[in-house]
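Open the model in your viewer and keep the sequence panel visible. The tour below moves from one selection to the next.

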Amino acid sequence: VCAPGGVAVAAAMSRWAKPAELGARQRLNDPGVQRHLLRVLREGHDGDGDAFDQTSYNHDPDQLRAEFVEAGLVDIDVIGVEGPLGSFARQDPELNPVAISAARASEHLAPHLSLHLLARGRLV
C-alpha cells in the first residue's frame, strides 16, 4: 500500500544469482544443477525444483522495473545489492572489502550481477 507521492521499495532475487552462487561453490559440473540453472535463467523459476524453486521468482532488473511501471510508479531506480563478487565473498569473508567496492561500482551499471535487487519508485 502506497499513498500518492509515497515511495515504494521492493527487494527481489536476481535471475543471475544462481549462476553466481553455483559458480562460486564450484557446482556447475553437475548435469542436474545445469538443467536447474538453465530453467531458472529462461523462466525465472524452476517448476521441477524443490518447493522453494517452484514458488520463488528470480527477476531480471528490467522485469522488476517493468513491474514498478505497471504499478504506476515513477522515478524508478533498480540497483544490485551485493555486486559481482558477493557470492565469492560469502565463501571467503576476506574478500568483503573488495566485494563491497565492486558492489558500489556496479550497483547501477550491472545490477543483474548481484544476488539481490533493490527497487525504489514514487507513486504519482
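Which backbone oxygen lies 3.0 Å from a polar atom of the side chain of Arg 15? Select Arg 15 and look around its side chain: the oxygen belongs to the backbone of Asn 58. Keep in mind that this is a predicted model.

Stay with Arg 15. It sits in the loop between strand 1 (7-14) and helix 1 (17-24). Now add Gln 63 to the selection; its side chain makes a polar contact with the side chain of Arg 15, at 3.1 Å.

Next, select Asp 60. This is the nearest side chain of opposite charge, 6.1 Å from Arg 15. Arg 15 is buried yet has no salt bridge, because a salt bridge requires the charged atoms to be within 4 Å.

To see the wider surroundings, show the residues in contact with Arg 15, leaving aside its neighbours within four places in sequence. Among them are Val 40, Leu 41, Arg 42, Glu 43 and Gly 44, as well as Tyr 57 and His 59.

Move on to Val 9, which is found in strand 1. Is Val 9 buried or exposed? Its relative accessibility is 58%, so Val 9 counts as exposed. Add Val 7, Val 81 and Leu 118: with Val 9 they form a nonpolar patch on the surface, with about 340 Å² of accessible area together.

Finally, zoom out and colour by secondary structure. The chain has 6 helices and 4 strands, in the order β-α-α-α-β-α-β-α-α-β along the sequence. Of its 124 residues, 37% are buried. The C-alpha atoms fill a box of roughly 50 × 35 × 20 Å along the principal axes.

Key:
Residues are numbered from 1 along each chain as its sequence is written. This is a predicted model: local features need pLDDT of at least 70, side-chain atom pairs count only at pLDDT 80 or more; totals for chains, interfaces and linings use all residues. Side-chain values use heavy atoms; hydrogens and water are left out. Helices (H or I, at least four residues) and strands (E, at least two) are DSSP runs, numbered from the N terminus. Buried means under 20% relative accessible area, exposed over 50%, partly exposed in between (1.4 Å probe, protein chains only). Lys and Arg count as positive and Asp and Glu as negative; His and the chain ends are not counted. A polar contact is a pair of N or O atoms within 3.5 Å; within protein, one must be able to donate a hydrogen and the other to accept it, and residues adjacent in sequence count only if both atoms are side-chain atoms. Contact means heavy atoms within 4.5 Å. Patches are made of residues with over 30% relative accessible area and no salt bridge: like charges are joined within 9 Å, nonpolar side chains (Val, Leu, Ile, Met, Phe, Trp, Tyr) within 5 Å. Accessible areas come from the Shrake-Rupley method with a 1.4 Å probe; for residues, only the protein chains shown count as cover.
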